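These are my notebook entries from a session with one structure, written in the order in which I looked things up.

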Amino acid sequence: MSSAIVAKSQLPSAELLKIIIFNGLENKVKPGYGTKAAPIPSGAFKYIADKNKMQVQMQKLKNSYRWPDGQPLDFSKRFSTRNKNGDGIVDCYTLVKPGTTDTIRLFVDPYKEEASYFVPEGLVALTTPILAKELAPYVKQVEEIDAAPDAFALKETKIQLLTYIYQNMGTAPFIDPDMLSAAMADAGADQGLKTHLGHLYMISKFYAYAKDVKNPKQYAYDQMKLAFQKFVKVHPEVKTGDLQTIFK
């Protein structure tokens, strides 16, 4: 791996923000938006046969908006009801601001999708400064993993990170078959090692997005190579198959 210093930003990349919020979200409050008369068209149930895509749309709903002070929204209180015209179903989320009794009812149409999205009254759009604050503890965890002599031993920390990524952003943005296939397909390498390296790739690409590192794919691959080198030093008995050649 090159010893060159990697430039890092204090804010996440605009690309990461684009990945996790609604496509076409305008940072503009629209009166009546998110009411029963004008529900937010999440489009999640348009993809009911594709659970991954459905989850992505639901994550975009969760990620797109925040309370004015930047706190995340809790979408756990939900019920379904008839839409304004009585010819369809909409979901209603009761949002309660943490530490207060402030409440907003947000109506969402999971069967429709649109090219433009707006901000409901009482909320704000997610921005990179807000996202940076939310990601800070997870960025710190990645840096702890990178600094550890044996990152393989930090299983609990890796699980916490991967769970956060999966539940809030999905895994698709952090998996690149063209960068991973050779190593993951090596039948002679220990499966536990390959799983560890695949996880490190995902975590490193997440970090690259969170710190706006240029070329996230290459950064993640270089970090995976470095993780392999550190692993074999601590676990010299492990079966590495062709990984030494692949990571040359």
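**Helix 3 and helix 7.** In this predicted model, I looked up how helix 3, residues 128–147, lies against helix 7, residues 216–234, and I found that their axes come within 11 Å and cross at roughly 40°. I therefore entered helix 3 and helix 7 as oblique to each other, since angles under 35 degrees would count as roughly parallel. On the helix 3 side I listed Ile145, Asp146 and Ala147 as making the contact, and on the helix 7 side Tyr219, Gln223 and Lys230. Sorted by character, the residues of this contact of helix 3 with helix 7 come out as three nonpolar, one polar and two charged.

**Helix 5 and helix 6.** I next took helix 5, residues 177–184, and helix 6, residues 191–210, whose axes come within 10 Å and cross at roughly 165°. Because angles over 145 degrees count as roughly antiparallel, I noted helix 5 and helix 6 as roughly antiparallel to each other. I also checked the hand of the crossing, and I recorded that helix 5 passes helix 6 in a right-handed one. For the residues that meet, I wrote down Met179, Leu180, Ala183 and Met184 from helix 5, together with Lys194, Leu197, Gly198 and Tyr201 from helix 6. In the contact of helix 5 with helix 6 I noted a division into six nonpolar residues, one polar and one charged.

**The loop between helix 6 and helix 7.** I then went to the backbone angles, and I found that Asp212 has a positive phi of about 55° although it is not a glycine. I placed Asp212 in the loop between helix 6 and helix 7, and I entered it as partly exposed because its relative accessibility is 36%. For Asn215 I likewise noted a positive phi, near 55°, in a residue other than glycine, and I located Asn215 in the loop between helix 6 and helix 7. With a relative accessible area of 47%, Asn215 is entered as partly exposed, given that exposed means over 50%.

**Helix 2.** Last, I asked myself how far helix 2, residues 51–64, reaches from its first C-alpha to its last. The helix has 14 residues and reaches 20 Å, which I noted as close to the 20 Å expected at 1.5 Å a residue. I also looked up burial along helix 2, and my list of buried residues reads Met54, Gln57, Gln59, Lys60, Leu61, Asn63 and Ser64.

Key: Residues are numbered from 1 along each chain as its sequence is written. This is a predicted model: local features need pLDDT of at least 70, side-chain atom pairs count only at pLDDT 80 or more; totals for chains, interfaces and linings use all residues. Side-chain values use heavy atoms; hydrogens and water are left out. Axes are lines fitted to C-alpha atoms, for helices over the stretch in contact, and angles run from 0 to 180 degrees between N-to-C directions. Helices (H or I, at least four residues) and strands (E, at least two) are DSSP runs, numbered from the N terminus. Angles under 35 degrees count as roughly parallel, over 145 as roughly antiparallel, 65 to 115 as roughly perpendicular and the rest as oblique. Contact means heavy atoms within 4.5 Å. Ala, Val, Leu, Ile, Met, Phe, Trp, Tyr, Cys and Pro count as nonpolar, Asp, Glu, Lys and Arg as charged, and the others, Gly among them, as polar. A crossing is left-handed if the near helix is turned anticlockwise from the far one by less than a right angle, and right-handed if clockwise. The expected span of a helix is 1.5 Å times one less than its number of residues. Buried means under 20% relative accessible area, exposed over 50%, partly exposed in between (1.4 Å probe, protein chains only).
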